[in-house]
Amino acid sequence: TRWPDVPVTVIDKEPGVARHQSGRNSGVIHSGVYYPPGSAKARLCRRGRELLLDFVRTHDITHDLCGKVVVAVEDHERAGLHAIAERGRANGVDASLVDRAELGRLEPAVRGVEALHVRDAGIVDFVAVAERLATLVRERGGTIRTGETVLGTTERPDGLVVHTTGGDVLADRLVACAGLHSDRLLEAVSGEAPPVSIVPFRGEYHRLRPEARQLCRSLIYPVPDPRFPFLGVHLTRHVSGEVLAGPNAVLAMAREGYTWQDRSLRDLREIATDPGMRSLAAAHWRTGVGEMTRSLSRRAFARALPRMPPGLRVQDLQPYRSGVRAQALYPDGSLADDFVMHRVGRTVHVLNAPSPAATASLAIGAEIAERLVD
């Protein structure tokens, strides 16, 4: 809205919007409770949440601020839970620690010694959000070009020529937000070696059969392992009324590897030769084996729902679609746990946009716009 007369062209290689990470996530409106105070994640999540809620209310998009509980199942998890509560307070999140009795009132089917009740969390239809944004772009004179792949760019005195499979586009500025292909697009567009490589991790979900949905009233999370940027397998209400269980995090055999059958020799070769991936695998191979076991065994997947809803049975889990997380990895094997943006000339490259990127999307867009103007 600050630059209403600036024409915008969106190029997407898919036939429609939100076909990958934006449309294959759990649909959670994140609160910012987990993120280090002062981090880009914390700042953009809190601001993005406000903007997102304003947007969905204005455009009558289905959402529900149902809240969530982060559950310490055993006493040794209390310290981690209290650390999350402290981060939440520092980030201005509406959340409080509750005892076993209050947890039972909030989620009668859940068992734990203590929990953090996060009232700021909720759910939304992110596909509907993306589709509404696309409609607004068109209504304000912009263009959405789907089914076109960006091949590269050429710098000219009058702007940047973006070469695509559907023809050239002359632009003054370019935002490259390619998710699973962001490192490759940086090299193709700017000719630079990317500072991070993208490693695909498939997040596999199950859904609870209708008779078991009463086991989850809102969102139910375990206390996460601080060594990893994944929140662990959890239960999530969806705006459709379904309850999702997941995701696990298994290395995908392709950047768009949504099933075990999806394989790419190019992607596998890059994963196998990436020095950061070799370091990560050497340090955490046991965790990787556990994730693969949960991927291949529904019984093992059920056991990973940290005993929180003891009434949940293996037969209550039904297959559901998967998503693939574009995890940015540094050469030393460390995981990029915050948003990574990289400016090259006229282009801003978004190289890492993990959760809570969907919640923070409107705030991220505003920050990108400021960088382009600067």
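Reader: Why is Pro-4 called exposed?

Author: Pro-4 sits in the segment before S1. In this predicted model, the relative accessible area of Pro-4 is 57%. The exposed label needs a value over 50%, so Pro-4 earns it with 57%.

Reader: Where is Pro-4 relative to Arg-43, in sequence and in space?

Author: The two are 39 residues apart along the chain, and their C-alpha atoms are 25 Å apart.

Reader: Okay, zooming out. What makes the protein chain as compact as a globular protein of its length?

Author: Start with the inventory: nine helices and 20 strands in the protein chain. Its radius of gyration is 21 Å, and the globule rule also gives 21 Å for 374 residues, so the chain is as compact as a globular protein of that length. If you like boxes, the C-alpha atoms fill one of roughly 65 × 45 × 35 Å along the principal axes.

Reader: How much of the chain is buried, and what does the chain expose?

Author: Buried residues are 49% of the 374. The exposed area is about 17,400 Å², with carbon and sulfur atoms supplying 52% of that. As for contacts with a separation of 6 or more, 71% of them link residues 24 or more positions apart.

Reader: Now strand S4. Why is S4 described as largely enclosed by the rest of the structure?

Author: Buried means under 20% relative accessible area. Five of the five residues of S4 (residues 68-72) are buried, so the rest of the structure largely encloses this strand.

Reader: Which way does each S4 side chain point?

Author: Lys-68, Val-70 and Ala-72 go one way, while Val-69 and Val-71 go the other, and all are buried. That fits the usual pattern, because side chains in a regular strand alternate between the two faces of the sheet.

Reader: How do you know which strands S4 pairs with?

Author: Count the bridges; the cut-off is at least two. S4 has five bridges to strand S6 (residues 114-118), running antiparallel, and Lys-68 faces Val-118 there. S4 also has four bridges to strand S14 (residues 219-222), this time in the parallel sense, with Val-69 partnered by Ile-220. Five bridges and four bridges both satisfy the cut-off, so both count as pairs.

Reader: On to the three-stranded sheet. What makes S12 and S19 edge strands?

Author: The sheet is open, has mixed pairing and runs in the order S12-S20-S19. S12 (174-176) and S19 (340-344) each pair on one side only, and that is what puts them at the edges. On average, neighbouring strands here are turned by 20° against each other, direction ignored.

Reader: How do you know that S12 and S20 count as a pair?

Author: They share three bridges in the parallel sense, with S20 covering residues 347-352. At least two bridges are needed, so three are enough. Within that pair, Leu-174 stands opposite Thr-347.

Reader: Which helices lie against this sheet?

Author: Helix H5 (residues 182-190) lies across S12, S19 and S20, at about 155° to S20. Helix H9 (residues 357-373) packs on the sheet too, touching S12, S19 and S20, and its direction makes about 20° with that of S19.

Reader: Let's do the backbone oddities. Why is Ala-18 called buried, and what stands out about its phi?

Author: Ala-18 has 17% relative accessibility. The buried cut-off is under 20%, so Ala-18 counts as buried. Its phi is near 60°, a positive value in a residue other than glycine. Most residues other than glycine have a negative phi. You'll find Ala-18 in the loop between S1 (9-12) and S2 (28-29).

Reader: And Asp-60, buried or exposed?

Author: Asp-60 is at 71% relative accessibility; the exposed class starts over 50%, so Asp-60 counts as exposed. Phi of Asp-60 is near 55°, again positive in a residue other than glycine. Asp-60 belongs to the loop between helix H1 (40-58) and strand S3 (63-64).

Reader: What makes the bonds into Pro-247 and Pro-356 worth a look?

Author: Most peptide bonds are trans. The bond from Gly-246 to Pro-247 is cis, with omega near -5°. Pro-247 is in the loop between S16 (243-246) and S17 (250-251). The bond from Ser-355 to Pro-356 is also cis, with omega near 20°, and Pro-356 lies in the loop between S20 and H9.

Definitions and conventions: Residues numbered from 1 in each chain as written. Predicted model: local features only at pLDDT ≥ 70, side-chain atom pairs only at ≥ 80, totals over all residues. Heavy atoms only, no water. Helix = DSSP H or I, 4+ residues; strand = E, 2+ residues; numbered from the N terminus. Axes fitted to C-alpha atoms, helices over the stretch in contact; angles between N-to-C directions. Contact = heavy atoms within 4.5 Å. Rg over C-alpha atoms; globule rule 2.2 N^0.38 Å. Buried < 20%, exposed > 50% of the residue type's maximum accessible area, 1.4 Å probe, protein only. Areas by Shrake-Rupley, 256 points an atom, 1.4 Å probe, with all protein chains shown as cover.
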